[in-house]
Each structure stands twice: as C-alpha cells, then as structure tokens.
Amino acid sequence: MRDLAADLERQATLNLYRTRNIIDGPQGPAVIIDNRRYLSFCSNDYLGLANHPKIVAALQQGAVKYGVGSGASHLISGHSRAHHQLEERLAELTGRPRSLLFSTGYMANLGVLSALARRGDIIFEDRLNHASLIDAGLLSGAQLQRYPHGDTEALMGRLAGAGKRLRFIASDGVFSMDGDLAPLPRLVDLAQQYDACLMIDDAHGFGVMGIHGRGTLEHYNYGVMEVPVLVCTLGKALGVFGAFVAGNEALIETLIQHARTYVYTTALPPAVAFATMASLELLEQESWRRKQLFNLVKQFRDGASQLGLPIRSSMTPIQPLIVGDSETALDISRTLHNQGILISAIRPPTVPEGSARLRITLSAGHTQSDIEQLLDALNKVMKERS
Ligand SMILES: *Cc1c(COP(=O)(O)O)cnc(C)c1O
C-alpha cells in the first residue's frame, strides 16, 4: 500500500492541500459558515437561481407528484414524464431535434466520447478543457491530443496530420477557470474543412451567454449543423442539478444505446427534472437577471482595471485574478476569508503550474455594493502584498 499520509503531507507543504467549508443554509450571494456571513464570489450560480422560491416550490411539488427516488435507470423503469418533458423542452430551447438528460456534466462528457469515439480515432482537445472532457477523451480509447489553449493554428496542423482517422474536436464553450470563450468560428471552420465532429461543453455558457441565455452557440449563432454535439449542465446558471446532451436523432439514440454513464446509472430524481422546468421558465421570464449580471461584470472590470488589478480579457461572469504561485493565491484567499469574503484559490492541477489564481465569479444575486466591497477588499490585500 502507498503511504497515503506521507503523500498528503507533501501535498500540504506544496500548498496544494484542499479543504471544504461547511455551508449552513442555501447557496446565494452570501453564505453562512460557522455562524458567520460571507459574501461569496465562488459559486457557479450565475443567475442567482439556486435558492429561487419558485424553483424551491417546484421541487416540493415535484416530490409530492413523483416521490423522491427515480428507482432505476432510464432504460429500466426510471424515465418519468418529468424527465421526458424536460428533454423535450431543452431540445426546443437549444433548437435541436432532441436532447438527453444525464445525471451530471461529468457523466455526460464521459458518456458522449466513449459512445462516439474508439480506438483508432483521434480526439483534439483544448489544453484548458474541463477535467471531465479530458477524462472522457482518455477513457474513450481513442488517441487524445491536447492543443495549446485557443491555438487554432496548432489545431489545424494536427488535424492535417491525422491521416484518414475519424476526428473529433472537443472544447469548453466558456473556459471554466479563465472565463474566455472558445474561438468557435474558427473551430467550426476547421471541423468542416477537416471533416471532424465538433463537440462543445457549454457548462458555463448555458443560461448566461446569448440574447436569450441559450449559451455560447446562441452568442455566435451556430446550430446543430455547425456544432453537432452540445453538452450543457443544469447545476450552474440554471441553479438546479444535472446535465444534457442535445443533437440530432441519431446522436441521441446512439447515446441511449451505448453511453455507459447513461445506461448504467440511476436516473435523476424526477422532482429535480420538474424543478428544472421552473428554472427554464425563469430563464425566459426574468431576463433582467442576465442584464444585472453583465452590469456587475462591467462594474467589476471597470473598477478592477482602475485599481490596476491583474484581470484577464473575460467578458463572462468568471473573472480570474492570476497571481502565480499557490502560496500567494492561498494567502490572499485566507486574508479575504478573514474579512468575510469567500473567493477560492484555484491551484494546480486544476490550472497549469504557475497560474494559481483567485477565481472570482459574479452572480445576478449580487448588488453593486457587493462589488464595491469586493473591489475594496481586493485593492487592500493586493496593495499590502506589493
Ligand atoms: C462543471 C463542469 C462540468 C461538470 O458538470 P457537473 O454537472 O458539475 O458534473 C463539465 N464541464 C465543464 C466545462 C464544467 O465547468
């Protein structure tokens, strides 16, 4: 047996040890930890829906109607009316013939690539793709090639060198730790030119990007022809839980037959699917949430650049401050924590070596004065260190 305790100790000395906060009460712009209120800038609840009374009520209603557990996988007896209606609604919303629910985004990615790609095929992935897409590529048995972040020239060279093999390009739509968008127009061109299947994981774009919040594809105005495989999650901007894949009939039927993370797992609680419909309704009805969110993004960026904070060129609610080494990131995060502000220090291996950062995320639930408080605190802590 490996010496686990020694491994853990080493991880601690490298400032890579991870710990958890225990949150009392609901997720929101402020959370309670150890009886103290913290202004939180680290959730993915971008629209502030995770504790919306209408969605809470829908979850309760769904539980009364469908009970708690789904009881089985979708293919046995776990596929409820609520799941089915949600799939139809999500297909309609994304403008695609069909959609398929998965329990999580992680599982959706594993399911898709292992059902579509196999030994002898080749998958190209952006180096900064989410871990679940990378793992999906590895698990598929196909060859996985990672290209430098956003470097479509490098990708083109590799596509050209792939011979007659079946090719896939998989990319985050919005990069989860950097907040920048995938160079989608270029990826679409390359996929067409080199006959590759393009898959976009829009975990952080769905609900946020595009005029109606339908995601990065709406932002760029691409459909199922240009991007045949779309994965979105429901636990981030939508404030609930789960994920779905949307595409054409043959894709969805193939996943139902062959995606192991779909076939061999218990279906989501139907009440969760039911609650997600309420969330989708709010996405439509309360478009002020996206407006508020982007106003706050602008306020933060304007303020941060005035203060000379090291922000990146991100137009999304993900606004990282890259500080370099893990110790600095951890230190700043702890100092802010003492002041009642929650921002997580993201360290390797989640991000590349030397790019440890404070991953700041904004939510429509925040107010202008929350952002002012954040900027003040960041300004102070960064000045003290320089
Ligand atoms: C969060 C995330 C996932 C995983 O989704 P879960 O539903 O949390 O499992 C997948 N891809 C990206 C890009 C993500 O940010």
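What follows is a short conversation about the fold, surface and some local features of this predicted model.

Biologist: Before I get into details, how many helices and strands are there in the protein?

Modeller: This is a predicted model, and in it the protein has 15 helices and 13 strands.

Biologist: And what is its radius of gyration, set against that of a compact globule?

Modeller: The radius of gyration is 21 Å, which agrees with the value near 21 Å that a compact globule would have with 386 residues. Taken along the principal axes, the box filled by the C-alpha atoms is roughly 55 × 55 × 50 Å.

Biologist: What share of the residues is buried?

Modeller: Buried residues make up 53% of the 386. As for the contacts with a separation of 6 or more, 70% of them are between residues 24 or more positions apart.

Biologist: Switching to the surface, how much of the exposed area do carbon and sulfur atoms supply?

Modeller: They supply 51% of the roughly 17600 Å² that the protein exposes.

Biologist: How far apart are the mean positions of the positive and negative charges?

Modeller: They are 1 Å apart, counting 37 positive and 38 negative charges.

Biologist: Now helix α5, is it mostly covered or mostly open?

Modeller: Helix α5 is mostly covered, since 10 of its 12 residues are buried, and among these are Met-107, Leu-110, Val-112, Leu-113 and Leu-116, together with Gly-105 and Gly-111.

Biologist: What span should α5 have, and what does the model give?

Modeller: Helix α5 runs over residues 105-116, and at 1.5 Å a residue those 12 residues should span 16 Å; the C-alpha atoms at its ends are 17 Å apart, which agrees.

Biologist: On to backbone oddities, which peptide bond is cis?

Modeller: The bond from Pro-348 to Pro-349 is cis, and its omega is near 5 degrees. Pro-349 sits in the loop that runs between β12 (344-346) and β13 (356-361).

Biologist: What about Asp-34, where is it and what is its phi?

Modeller: Asp-34 is in the loop between β1 (30-33) and β2 (36-40), and although Asp-34 is not a glycine, its phi is positive at about 50 degrees.

Biologist: Is Asp-34 buried or exposed?

Modeller: Asp-34 has a relative accessible area of 67%, and because exposed means over 50%, Asp-34 is exposed.

Biologist: And Asp-195, what is its phi, and is it buried or exposed?

Modeller: Asp-195, again not a glycine, has a positive phi of about 55 degrees. Asp-195 lies in the loop between α8 (184-193) and β7 (196-201), and it is exposed, with a relative accessible area of 63%.

Note on methods
Residues numbered from 1 in each chain as written. Predicted model: local features only at pLDDT ≥ 70, side-chain atom pairs only at ≥ 80, totals over all residues. Heavy atoms only, no water. Helix = DSSP H or I, 4+ residues; strand = E, 2+ residues; numbered from the N terminus. Rg over C-alpha atoms; globule rule 2.2 N^0.38 Å. Buried < 20%, exposed > 50% of the residue type's maximum accessible area, 1.4 Å probe, protein only. Contact = heavy atoms within 4.5 Å. Areas by Shrake-Rupley, 256 points an atom, 1.4 Å probe, with all protein chains shown as cover. Lys, Arg positive; Asp, Glu negative; His and termini not counted. Charge placed at Lys NZ, Arg CZ, Asp CG, Glu CD. Expected span 1.5 Å × (residues − 1).
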